[in-house]
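Biologist: Got a minute to go through this model with me? I'd like to start with the strands.

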Amino acid sequence: MLTVGPGCARPVDLLTEATGGDLSRSLLWRELLCRHDVTDIASAVHRDQYGCWGFLDLWRTGGQFTSQDKTFLIDIATPITTALRQAQARTFAAPPEQAPSGPVVLLLSANLDVLAQTAETEQYLRMLVPPDGGRSPVPASAYNVAAQLLAIEAGIDANPPQARVHLTAGRWLTLRAARIADTTVVGPTGDIAVTIEHTVPTERATLFAAAHGLSRRETELLRLLMIGSDTRDLASRMFVSDNTVNDHLKSMFNKTGARTRHSMLTRALGT
């Protein structure tokens, strides 16, 4: 996976370049993609100063991506990233609808085969990735967090095995993966449990701020609004004047499309 931060000149990389032309150095290629005659991959990470909003993998068979292909993907990375972030911001346009209740857990084997799930799980999975016809849903988001857990255990990456995913109608879910420990064996063994739960208000607010491009001080103000402070108290807590607080609020209303503090908080917290 690429590590792409603000101002990074490499939002795109090619498998042939990353492996020095020896594709067998890639575990994914060795164990899967070689069977599909994939001869190169162009990977793009769509990330800006507010967060990571998506990634794109393009597979090529019978040839390699050129430097011109890579340059084109780099040129379109910024506008696509902005569009993806703005699309996420639009999911907060209305309060979320009532969602199914009950624990939602998916049990995967060490090889990421689906072993079992709770009654509510399939309903969520069908909404996340609607399958064609009468097919069973593919738990793509669950695979992603489980794969991240394996990456942590292998020492490849240190980011937590969790992800926030928009479900529908303003609803956001948080997926987390954890190994079910075998107390008789030392090391990462046993099945993997993936939990799916409603994203808690504080996490929603953080995502709301990032998706709408709020500044650090505006995000701080949003968090303070969550505890119900008035303008004078907000100014005191932020060590600024009342006028500065009002200026921040005007900017936040402009970015989020909200007209009042209450409407902005309702959308941010999902209440």
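Modeller: Sure. Strand β1 (residues 12-14) pairs with β2 in the antiparallel sense, over three bridges. Two strands count as paired here if DSSP finds at least two bridges between them. Helices (H or I, at least four residues) and strands (E, at least two) are DSSP runs, numbered from the N terminus.

Biologist: What should I know about where these coordinates and numbers come from?

Modeller: This is a predicted model, so local features need pLDDT of at least 70 and side-chain atom pairs count only at pLDDT 80 or more, while totals for chains, interfaces and linings use all residues. Residues are numbered from 1 along each chain as its sequence is written, and side-chain values use heavy atoms, with hydrogens and water left out.

Biologist: OK, back to β1 and β2. Which residue in β2 is the bridge partner of V12?

Modeller: A44 is the β2 partner of V12, and D13 stands opposite S43 in β2.

Biologist: And how many bridges join β2 to β3?

Modeller: 10 bridges, with β2 and strand β3 (residues 51-61) running antiparallel. A44 turns up again there, opposite L56 in β3. The two strands make a hairpin with two residues between them.

Biologist: In what order do the strands of that sheet come?

Modeller: β1-β2-β3, an open sheet of three strands with antiparallel pairing. β1 and β3 are at the edges with a single partner strand each, so one side of each has no neighbour in the sheet. On average, neighbouring strands are turned by 15° against each other, direction ignored. For the angles, axes are lines fitted to C-alpha atoms (for helices over the stretch in contact), and angles run from 0 to 180 degrees between N-to-C directions.

Biologist: Which helix packs on that sheet?

Modeller: Helix α3 (residues 67-90) does, touching β1, β2 and β3, and its direction makes about 45° with that of β2. Contact here means heavy atoms within 4.5 Å.

Biologist: Why is β2 called largely enclosed?

Modeller: Because eight of the 11 residues of β2 (residues 38-48) are buried, the strand is largely enclosed by the rest of the structure. Buried is under 20% relative accessible area, exposed is over 50%, and partly exposed is in between (1.4 Å probe, protein chains only).

Biologist: Switching to the five-strand sheet. What's the order there?

Modeller: It's an open sheet in the order β5-β4-β8-β7-β6, with antiparallel pairing. β5 (114-117) and β6 (162-166) are at the edges, each with a single partner strand, so one side of each is left without a neighbour in the sheet. Neighbouring strands are turned by 20° against each other on average, direction ignored.

Biologist: Walk me through the pairings?

Modeller: β4 (residues 105-108) pairs with β5 over three bridges, in the antiparallel sense, and L106 stands opposite Q117 in β5. β4 also pairs antiparallel with β8 (residues 192-198), over four bridges, where L106 has V194 as its bridge partner. Then seven bridges join β7 to β8, again antiparallel, and L173 has H198 in β8 as its bridge partner.

Biologist: Which helix lies across β6 and β7?

Modeller: α6 (residues 201-211), running at about 115° to β7 (172-179).

Biologist: Now α7. Which of its residues are buried?

Modeller: In α7 (residues 216-225) they are E218, T219, L221, L222, L224 and L225. What covers them includes α6, α8 (231-238), α9 (242-256) and α10 (261-269).

Biologist: At what angle do α7 and α8 pack?

Modeller: About 130°, with their axes 11 Å apart. That makes α7 oblique to α8, since angles under 35 degrees count as roughly parallel, over 145 as roughly antiparallel, 65 to 115 as roughly perpendicular and the rest as oblique.

Biologist: Which residues meet there?

Modeller: R217, E220, L221, L224 and L225 in α7 meet L234, R237 and M238 in α8. By class that contact has five nonpolar, no polar and three charged residues. Ala, Val, Leu, Ile, Met, Phe, Trp, Tyr, Cys and Pro count as nonpolar, Asp, Glu, Lys and Arg as charged, and the others, Gly among them, as polar.

Biologist: And overall, how many helices and strands are in the protein chain?

Modeller: 10 helices and eight strands. Buried residues make up 38% of the chain's 271 residues.
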